[in-house]
Amino acid sequence: MGYMKTDHLYYALHHAGTLPKKNVPLLILLHGYGSNEADMLGLGPYFDEREVNCVSVRAPFQLDTGGFAWFDIERLPDKIRFDYDQAMKSLILLNELVRVLKIEFESERVIIAGFSQGATMAMASGFKTPKDYSGIVALSGLCSKQMFPADPTLLTGLPVFVSHGIQDEVIPIQQARDSKNLLSSLPVALDYFEYEMQHTISSECLSQLQNWIFEKLEA
């Protein structure tokens, strides 16, 4: 694992060999609120059986607790609200980084995957620049209409994997189901899954995700 930085966002690279390969698929990982790039990089070994470069990105806003966030949040009794201004600033930085990484690794097939707040960013990035991606993964996150492009037909056929825990204590399952309804109004190729888990990634979810990613990268 090597730690690197760009002029905008820090990221960490997982690769099984001594040097990352060029012209192979790229998996971009986005962590959740209060975490950092090392958290999602733990998914890297699950993709070593194929030639896939895994890059985990650190969010730009540092919290007093020492972790990082893509945007501020407000927890209400029945839902979570976002700071959309901060989210847009993060989105600009993220999309700039994706362009740099695609050139650096000469990758034509890219999947962006996020957990919790990172899932929201993954969807926002994918909906902003759908031509950059072969698929979007949203693990235990939320979608909102503010992410939608002015022309939804640009998303036609875009593969989207969404998962959520029925016992999620951070983002209630009903909010995930509301997000599913929103996504179902778009012309994306949506695969939605619920698991008997809390705000985490269960082994069942991870196994299904692994198969889904390999399938989309080979399509």
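**Exercise 1. Which helix holds Thr120? Work out its surroundings too.**

Keep in mind as you go that this is a predicted model.

Step 1: Find the residue. Thr120 sits in helix H3, which covers residues 117-128.

Step 2: Check how much of it shows. Thr120 has a relative accessible area of 6%. Buried means under 20%, so Thr120 counts as buried.

Step 3: List what it touches. Leaving out residues up to four places away in sequence, Thr120 touches Phe71, Phe82, Gly141, Leu142 and Met147.

**Exercise 2. Describe the chain as a whole.**

Step 1: Start with the parts. The chain has five helices and twelve strands.

Step 2: Ask about compactness. The radius of gyration is 16 Å, close to the 17 Å that the globule rule gives for 219 residues, so the chain is as compact as a globular protein of that length. Its C-alpha atoms fill a box of roughly 50 × 40 × 35 Å along the principal axes.

Step 3: Look inside. Of the 219 residues, 53% are buried. Take the contacts with a separation of 6 or more: 73% of them join residues 24 or more positions apart.

**Exercise 3. Explain why Cys54 and Cys143 form no disulfide.**

Step 1: Recall the chemistry. A disulfide is a covalent bond between the sulfur atoms of two cysteines. For the search, those atoms have to be within 2.5 Å.

Step 2: Try Cys54. Its closest cysteine sulfur is in Cys205, 16 Å away, which is too far for a bond.

Step 3: Try Cys143. Here the closest cysteine sulfur is again in Cys205, and at 18 Å that is too far for a bond as well.

Step 4: Conclude. The search of the whole structure turns up zero disulfides. As for exposure, Cys54 is buried at 1% relative accessibility, and Cys143 is buried at 8%.

**Exercise 4. Trace the nonpolar cores, then follow helix H2 into the largest one.**

Step 1: Begin with the general idea. In soluble globular proteins, nonpolar side chains tend to be buried together.

Step 2: Pick out the largest core. It has 46 residues, and Ile28, Leu30, Val57 and Phe127 have the most contacts inside it. Helix H2 (residues 84-105) gives this core its largest share, seven residues.

Step 3: Spot the other core. Apart from the largest one lies a core of 22 residues, including Met40, Leu139, Phe161 and Leu217.

Step 4: Zoom in on Leu30. Among its contacts beyond four places in sequence are Val57, Trp70, Leu94, Ile112 and Phe115.

Step 5: Turn to H2 itself. With 22 residues, H2 reaches 31 Å from its first C-alpha to its last, close to the expected 32 Å. Its buried residues include Leu91, Leu94, Leu97 and Val98. Those buried residues pack against S2, S3, S4, S5, S9 and H3.

**Exercise 5. Show how the buried residues of H4 are arranged.**

Step 1: Get the dimensions. H4 (residues 173-184) has twelve residues and spans 16 Å, close to the 16 Å expected.

Step 2: Name the buried ones. They are Ile173, Gln175, Ala176, Ser179 and Leu183.

Step 3: Look down the axis. The buried residues of H4 fall within an arc of 155°, so they line one face of the helix.

**Exercise 6. Place Pro45 in the structure.**

Step 1: Locate it. Pro45 is in the loop between helix H1 (37-40) and strand S4 (53-57).

Step 2: Judge its exposure. Pro45 is partly exposed, at 47% relative accessibility.

Step 3: Find a partner from elsewhere in the chain. His14 is 31 residues away along the chain, yet the C-alpha atoms of Pro45 and His14 are separated by 7.9 Å.

Note on methods. Residues numbered from 1 in each chain as written. Predicted model: local features only at pLDDT ≥ 70, side-chain atom pairs only at ≥ 80, totals over all residues. Heavy atoms only, no water. Buried < 20%, exposed > 50% of the residue type's maximum accessible area, 1.4 Å probe, protein only. Helix = DSSP H or I, 4+ residues; strand = E, 2+ residues; numbered from the N terminus. Expected span 1.5 Å × (residues − 1). Arc of directions from axis to C-beta. Core = buried A, V, L, I, M, F, W, Y, C linked by side-chain atoms within 4.5 Å. Contact = heavy atoms within 4.5 Å. Rg over C-alpha atoms; globule rule 2.2 N^0.38 Å.
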